[in-house]
Amino acid sequence: MSYILQRMTEDDAPLTIDWMVRQYGFDRAEVESWVQDLHFNWPLSVKALDESGHVIGLLNMSDYRIEEETPQILTDKPELINSLNAQRYIAVFSFIVAEEYRGTRLNYDMLMSIMPELRANYDFIFIPVLHSLKTHQYWQRWGAKEFYRDEDCVCYKLDF
């Protein structure tokens, strides 16, 4: 299996919306508002294409703040959010790999393609994972540690 990794641009917003709606069943209007409002970091986002040029994976990075994802943390853990916000971080907004490529090196290769820049410019990656998703163990295998949970998601931190 060979594939090409490319950096994304704002022109990939419709692609991101389509994949999130199809993969997760989210409401299209809601996903459109997320993509518009949640500070996507397009230069650090990656798409994977197969030999025919079809998209087989997306890794969308975002510069949104932890409290935008989980505002309850401001009330529950103000000292924690203050200490986290004093550091440089980037968020994994969405990481979707086509079903036939799951269990391959694709997700690893996508993340590793931006890792040098992440390590050079950030102290950690913020990874919010909805309770219903299966990626909790994936991020834990990478060494991500849970630092907060609310009714919607578990918040992980992957230090560099």
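**A chat about the pocket, strand β7 and Ser62**

Guide: In this predicted model, β4 supplies the largest share of the lining of the largest pocket, namely 6 residues.

Visitor: What volume does the largest pocket have?

Guide: Its volume is about 880 Å³. The lining is made up of 32 residues, and the closest of them to the pocket centre are Tyr24, Phe95, Val129, Leu133 and Thr135.

Visitor: And which elements give two or more residues to that lining?

Guide: Those elements are α1 (13–24), α3 (66–69), β4 (89–97), β5 and α7 (136–141).

Visitor: How do the lining residues divide into nonpolar, polar and charged?

Guide: In the lining of the largest pocket there are 19 nonpolar residues, together with 7 polar and 6 charged ones.

Visitor: Val129 came up a moment ago; what is its bridge partner in β7?

Guide: The partner of Val129 in β7 is Val154. At the level of whole strands, β5 (residues 124–130) pairs with β7 in the antiparallel sense, and the pairing runs over 7 bridges.

Visitor: Which strand joins β7 through a hairpin?

Guide: That is β6, which a hairpin of 3 residues joins to β7. Strand β6 (residues 145–149) also pairs with β7 in the antiparallel sense, over 4 bridges, and Tyr148 has Cys155 as its bridge partner in β7.

Visitor: Why is β7 described as largely enclosed?

Guide: Strand β7 covers residues 153–159, and 6 of its 7 residues are buried, so the strand is largely enclosed by the rest of the structure.

Visitor: Changing topic to Ser62: buried or exposed?

Guide: Ser62, which lies in strand β3 (residues 55–62), has a relative accessible area of 0%, and because the cut-off for buried is under 20%, Ser62 counts as buried.

Visitor: What does Ser62 touch, leaving out residues up to four places away in sequence?

Guide: With those residues left out, Ser62 touches Leu38, His39, Phe40, Asn41, Ile90, Ala91 and Phe93. There is also a polar atom of the Ser62 side chain that lies 3.1 Å from the backbone nitrogen of Tyr64.

Visitor: His39 is on that list, so what about its phi?

Guide: The phi of His39, the residue that follows α2, is positive, near 55°.

Visitor: Then which residue caps the N-terminal end of α2?

Guide: The N-terminal end of helix α2 (residues 28–37) is capped by Asp27, which has a side-chain oxygen 3.2 Å from the backbone nitrogen of Ala29.

Technical notes
Residues are numbered from 1 along each chain as its sequence is written. This is a predicted model: local features need pLDDT of at least 70, side-chain atom pairs count only at pLDDT 80 or more; totals for chains, interfaces and linings use all residues. Side-chain values use heavy atoms; hydrogens and water are left out. Buried means under 20% relative accessible area, exposed over 50%, partly exposed in between (1.4 Å probe, protein chains only). Two strands pair if DSSP finds at least two bridges between them. On a 1 Å grid over the protein atoms alone, a cavity is a set of points where a 1.4 Å probe fits but cannot get out, and a pocket is an open set with protein on both sides within 12 Å along at least five of seven lines; lining residues have an atom within 4 Å of a point. Grid points are joined across faces, edges and corners, and a volume is the space filled by probe spheres set on the points. Ala, Val, Leu, Ile, Met, Phe, Trp, Tyr, Cys and Pro count as nonpolar, Asp, Glu, Lys and Arg as charged, and the others, Gly among them, as polar. A polar contact is a pair of N or O atoms within 3.5 Å; within protein, one must be able to donate a hydrogen and the other to accept it, and residues adjacent in sequence count only if both atoms are side-chain atoms. Contact means heavy atoms within 4.5 Å.
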